[in-house]
Amino acid sequence: MAKKTAQAAVENGPAKPNVFRRFTQYVEASRAELRKVTWPTLKETRKATLAVLGFVAVMAIVLGLIDLGLSSLVKVILS
């Protein structure tokens, strides 16, 4: 029995650390990666936000016009 247990440990590799240790390692690694991030300035953030809002507005108008056209087409077909 002892041989089977030892052999299973060798085949499966070393045991994983417990869940709390793995979570701690995850948090430490995440903090280390966040320190490496180059965060945008306030000006860059505003510029990107305005670009996104502008794109969303244009797409809303385009999709609204497409919807209006298709609904008119369906009304013509059904009447």
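## Exercises on a three-helix chain

The side chains of Lys-36 and Glu-33 form a salt bridge, 3.2 Å from N to O. The model is predicted: local features need pLDDT of at least 70, side-chain atom pairs count only at pLDDT 80 or more, and totals for chains, interfaces and linings use all residues. Residues are numbered from 1 along each chain as its sequence is written, and side-chain values use heavy atoms, without hydrogens and water.

**Exercise 1.** Work out where Lys-36 and Glu-33 sit in the fold.

*Solution.*
- Take the criterion: a side-chain nitrogen of Lys or Arg within 4 Å of a carboxyl oxygen of Asp or Glu. The structure holds one such bridge.
- Locate the pair. Both residues lie in helix H2 (residues 19-36), three residues apart, about one turn of the helix.
- Apply the geometry. An α-helix has 3.6 residues a turn, so residues three or four places apart point the same way.

**Exercise 2.** Classify Lys-36 and Glu-33 by exposure.

*Solution.*
- Set the classes: buried is under 20% relative accessible area, exposed over 50%, partly exposed in between (1.4 Å probe, protein chains only).
- Lys-36 has 59%, so Lys-36 is exposed.
- Glu-33 has 48%, so Glu-33 is partly exposed.

**Exercise 3.** Check the span of helix H3 (residues 42-78).

*Solution.*
- Define the element: helices are DSSP runs (H or I, at least four residues), numbered from the N terminus.
- Compute the expected span: 1.5 Å times one less than the number of residues. For the 37 residues of H3 this gives 54 Å.
- Compare. The end C-alpha atoms of H3 are 53 Å apart, which agrees.
- Check burial. Zero residues of H3 are buried, so H3 lies largely in the open.

Conventions:
Helix = DSSP H or I, 4+ residues; strand = E, 2+ residues; numbered from the N terminus.
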